Amino acid sequence: MQWFKSFLPIGWLPADRVFTPIPQSVLSNGCLRQAVILTVPHAMFVARLLARSLNQLGVQAEIITQRPEQGFRDCLHFVIAAQAFRALPRYYVAYQMEQCVSNVLKRKKYQRKLRRSVGVFDYSLMNIEALKRLGFPENGLFYMPVRPLIERTLTPDEDRSHAVVFYGASNNLRRQQYLRELQRCTPLKVIDGVFGERLLDELSQAKIVVNIHYYEGALLETTRIYECLSRGTLVVSESSADIDEHSELSAIVDFVPVGDVDQMVRRVQYWIENDCERQAHLQKQEQLLLQSEYSFTQQLKQALRHYHLI
């Protein structure tokens, strides 16, 4: 496949053009040596995970959250949640984080941004199937599931001040039903609109985090789950439409049936009332996470080879 050939500027690409080749001038002797990660604040966990893995593969990575005043650097970018940015770099891999059950993936403007990328990473196989149905060629799509980024210095459990935490958009009728029932049985801290270091500080104070879908038929929110697990919390979560993709989490996350509010309340109460069992679960959880921590780097290495970048 001839990836390195002359091409028109991105703004001139026809709407049905799929994927942009990378010229040799962006690389160093045919290899990727530096990259910039452009991310929205609420996906900073994924940006940090990606940066760590790029560094392990010999690629210097910088994280930014907006277009620099002097413009984007003339190097490959990885753009997380491209739909959130009006201006995009010239050469970028799009890390697609939307769910196929939402309307965002169906928007033509967003699809054009994905089509003008070098290629698309996606955390979900169901999303990839949806993109293929939208006309994206399979050889430009790469499955890149989120994995843990374990914090080496965790807050001791006895020093954690939040028994149960929910974080995410709470102005959703479906989620509000869960939150009302949980608040009746336990002190519950709701974190909404908080990102970056402030969010990490809050998660570091949590003993249990509940994961509640925004949509009834939602895919599993693996970014949120792995972010919480990486901070040493126990996660109680609804199951999901794509739960078969996440067998590695079956022994780590306490899953309850979708829509079963009472069962989620019971499981949260169980872990609060059985602290010794919770502590034992956390020890097992840490060992299982360590086994999968570096699988993201191996997956990224395959992806970069796929795109002829290393």
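Contact here means heavy atoms within 4.5 Å. Axes are lines fitted to C-alpha atoms, for helices over the stretch in contact, and angles run from 0 to 180 degrees between N-to-C directions. Helices (H or I, at least four residues) and strands (E, at least two) are DSSP runs, numbered from the N terminus. The model is predicted, so local features need pLDDT of at least 70 and side-chain atom pairs count only at pLDDT 80 or more, while totals for chains, interfaces and linings use all residues. Residues are numbered from 1 along each chain as its sequence is written, and side-chain values use heavy atoms, with hydrogens and water left out.

One open sheet has 6 strands in the order β2-β1-β3-β4-β5-β6, with parallel pairing; two strands pair if DSSP finds at least two bridges between them. At its edges are β2 (60-64) and β6 (141-143), each of which pairs on one side only. Neighbouring strands of this sheet are turned by 25° against each other on average, direction ignored.

Within this sheet, β3 (residues 76-80) pairs with β4 in the parallel sense over 4 bridges, and β1 runs parallel to β3, joined by 5 bridges. Val79 of β3 stands opposite Leu38 and also opposite Ala94 in β4. Phe78 stands opposite Val93 in β4.

In a regular strand the side chains alternate between the two faces of the sheet. On β3, Leu76, Phe78 and Ile80 lie on one side and His77 and Val79 on the other, and all are buried. Buried means under 20% relative accessible area, exposed over 50%, and partly exposed in between (1.4 Å probe, protein chains only). The strand β3 is thus mostly covered, with 5 of its 5 residues buried.

Two helices lie across this sheet. Helix α1 (residues 44-56) lies across β1 (34-39), β2, β3 and β4, and runs at about 165° to β2. Helix α9 (residues 295-306) lies across β3, β4, β5 (119-122) and β6, at about 165° to β6.

A second open sheet is formed by 5 strands in the order β8-β7-β9-β10-β11, again with parallel pairing. Its edges are β8 (188-191) and β11 (254-256); each has a single partner strand, so one side of each is left without a neighbour in the sheet. Here neighbouring strands are turned by 25° against each other on average, direction ignored. Strands β7 (residues 162-167) and β9 (residues 206-211) pair in the parallel sense over 3 bridges, with Val164 opposite Ile208 in β9.

Helix α4 (residues 173-185) lies across β7, β8, β9 and β10 (234-238) and runs at about 150° to β8. Helix α8 (residues 275-292) packs on the sheet, touching β9 and β10, and its direction makes about 90° with that of β10.

Two single residues complete the tour. Thr223 is found in helix α6 (residues 222-230), and counts as buried because its relative accessibility is 14%. Leaving aside neighbours within four places in sequence, Thr223 is in contact with Phe45, Val46, Met97 and Val146.

Val101 lies in the loop between β4 (92-96) and α2 (108-115). It counts as partly exposed because its relative accessibility is 37%. Together with Tyr214 and Tyr215, Val101 makes a nonpolar surface patch of about 250 Å². Patches are made of residues with over 30% relative accessible area and no salt bridge, with like charges joined within 9 Å and nonpolar side chains (Val, Leu, Ile, Met, Phe, Trp, Tyr) within 5 Å. A salt bridge is a side-chain nitrogen of Lys or Arg within 4 Å of a carboxyl oxygen of Asp or Glu. Accessible areas come from the Shrake-Rupley method with a 1.4 Å probe, and for residues only the protein chains shown count as cover.
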